[in-house]
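Here is a friendly note for anyone opening this structure for the first time. Please keep the viewer beside you while reading.

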Amino acid sequence: MTHADIEITADLVRDLLREQHPDLADLAIREVAGGWGNQMWRLGTDLAVRMQRMDPTPEFQLNERRWLPVLAPRLPLPVPTPVRSGEPSARFPKHWTVMTWVPGDPLDRSSISRGDHAAGTLAGFLRALHVPAPADAPVRGDRGGHPKTCADGFDRLFHAVVPDGLADDVRTVWDDAVAAPEWEGPLLWMHGDLHPANVVVSDGTLSGVIDFGDMSAGDPAWDLAAAWVILPAGAASRFFDAYAQADAGTIRRARGLAAMKSLFLLLMGQNGDLGLPGGKPGWGPAGRAALDRVLRG
């Protein structure tokens, strides 16, 4: 049995807690729907266990352990904060982390009804997050750079799932992002993977941000794409007004990256409909709605 084949069950999670954190082992454990690189288990009322699953390396969890305690105190929304570390063992040869639980419903299973409020909330969160990162911050080769560095990835997504009749418009948005100027400022802290499954909502508005496995230093346009990928129609302009730190070139790059992220959601939805591993059936409609918002500008 390979590591990827290990079935993660509530009994396994409890056994690991008994071995490494016995004071937590009697808390209620229940699986949380969703997740791909990591599987989440609710632990009691206020905690969760994040189990490395599909991620091929522990790097992402280790980055969360190292940097979330530094970033969380200055962020205006709740984020998961590591409180205990689980180390590989004979029982489970991967990393796992006990983190604080962020209450709310993931956006891929809910909706935002208070668009202006959510736009201002997201803008405030990203203003607080987007500060110069230290020299030892993680840098990801597959995100955080100029859109032209991921042109091959965009092309694969484009040819796989671009909806009929939208190809020319999507290509125009992407080409404009590739032609936009480079980010000339310092590398800023980024979440790196803002999409509907990685934010939570309560009372119709954004109430928390989760899954910081891709946090890294780079061009903030990667996060600003959330103006179209996460927020409802008509909220992007309100978001950028409130963010107040993005020049025209950055917005062009962000819009192109939002098109690419929308195609990714469409692909994951298609894979889910086909029953393929890692597919997310509910992400297809979210991807199409995001793409429509991108094309409306």
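The points below go through salt bridges, helix packing and a few single residues.

1. A word on the source before anything else: this is a predicted model. Please read each value below as computed from that model.

2. Let us start with charged pairs. Side chains of opposite charge can pair when their charged atoms come close. How many salt bridges does a search of the whole structure find? The count is 18, and the next points pick out some of them.

3. A good pair to display is D211 with R50, a salt bridge whose closest N and O atoms are 2.7 Å apart. This pair links distant parts of the chain, with the two positions 161 residues apart in numbering. R50 belongs to strand 3 (residues 47-52), while D211 sits in the loop between strand 9 (205-209) and strand 10 (216-218). Are the two partners buried or exposed? R50 counts as buried because its relative accessibility is 6%, under the 20% cut-off. D211, at 23%, counts as partly exposed.

4. Stay with D211 for a moment, as its backbone deserves a look too. Its phi is near 55 degrees, which is a positive value in a residue other than glycine. A244 is another residue to check in this respect: its phi is near 60 degrees, again positive and again in a residue other than glycine. You will find A244 in the loop between helix 8 and helix 9. With 58% relative accessibility, A244 counts as exposed, whereas D211 is partly exposed.

5. Next, please look at K148 and E182, whose side chains meet in a salt bridge with an N to O distance of 2.7 Å. Here, too, distant parts of the chain are linked, the partners being 34 residues apart. K148 is in the loop between helix 3 (115-129) and helix 4 (151-161). E182 is in the loop between helix 5 (167-179) and strand 7 (188-190). Both ends of this pair are partly exposed: K148 has a relative accessibility of 45%, and E182 has one of 40%.

6. A third pair brings us to the helices. R252 forms a salt bridge with D176, and the closest N and O atoms are 3.1 Å apart. R252 lies in helix 9 (residues 248-273) and D176 in helix 5, so the pair ties together parts that are 76 residues apart in sequence. R252 counts as partly exposed at 28% relative accessibility, and D176 also counts as partly exposed, at 33%.

7. Some salt bridges join into a network. Which residues are linked in it? They are R140, D142, R143, D193 and D214, and selecting them together is a handy way to view the network.

8. Now for the packing of helix 5 and helix 9. Their axes are 7 Å apart and the angle is about 135 degrees. That makes helix 5 oblique to helix 9. The crossing of these two helices is left-handed. On the helix 5 side, the contact includes V170, V173 and W174; on the helix 9 side, L257, M260 and L263 are among the residues involved. R252 and D176, the salt bridge partners met above, also take part in this contact. By class, the residues of the contact divide into 9 nonpolar, 1 polar and 4 charged.

9. One residue of that contact is worth a closer view. A177 is found in helix 5 and counts as buried, with 0% relative accessibility. Which residues does A177 touch, leaving aside neighbours within four places in sequence? They are H146, P147, R252, R253 and G256.

10. Finally, compare a second helix pair, helix 3 with helix 8 (residues 236-243). The axes come within 8 Å and cross at roughly 35 degrees, and the crossing is right-handed. Helix 3 contributes D116, A119, G120, L122, A123, L126 and R127, and helix 8 contributes R238, F239, A242 and Y243. The classes in this contact are 7 nonpolar, 1 polar and 3 charged residues.

Technical notes
Residues are numbered from 1 along each chain as its sequence is written. This is a predicted model: local features need pLDDT of at least 70, side-chain atom pairs count only at pLDDT 80 or more; totals for chains, interfaces and linings use all residues. Side-chain values use heavy atoms; hydrogens and water are left out. A salt bridge is a side-chain nitrogen of Lys or Arg within 4 Å of a carboxyl oxygen of Asp or Glu. Helices (H or I, at least four residues) and strands (E, at least two) are DSSP runs, numbered from the N terminus. Buried means under 20% relative accessible area, exposed over 50%, partly exposed in between (1.4 Å probe, protein chains only). Axes are lines fitted to C-alpha atoms, for helices over the stretch in contact, and angles run from 0 to 180 degrees between N-to-C directions. Angles under 35 degrees count as roughly parallel, over 145 as roughly antiparallel, 65 to 115 as roughly perpendicular and the rest as oblique. A crossing is left-handed if the near helix is turned anticlockwise from the far one by less than a right angle, and right-handed if clockwise. Contact means heavy atoms within 4.5 Å. Ala, Val, Leu, Ile, Met, Phe, Trp, Tyr, Cys and Pro count as nonpolar, Asp, Glu, Lys and Arg as charged, and the others, Gly among them, as polar.
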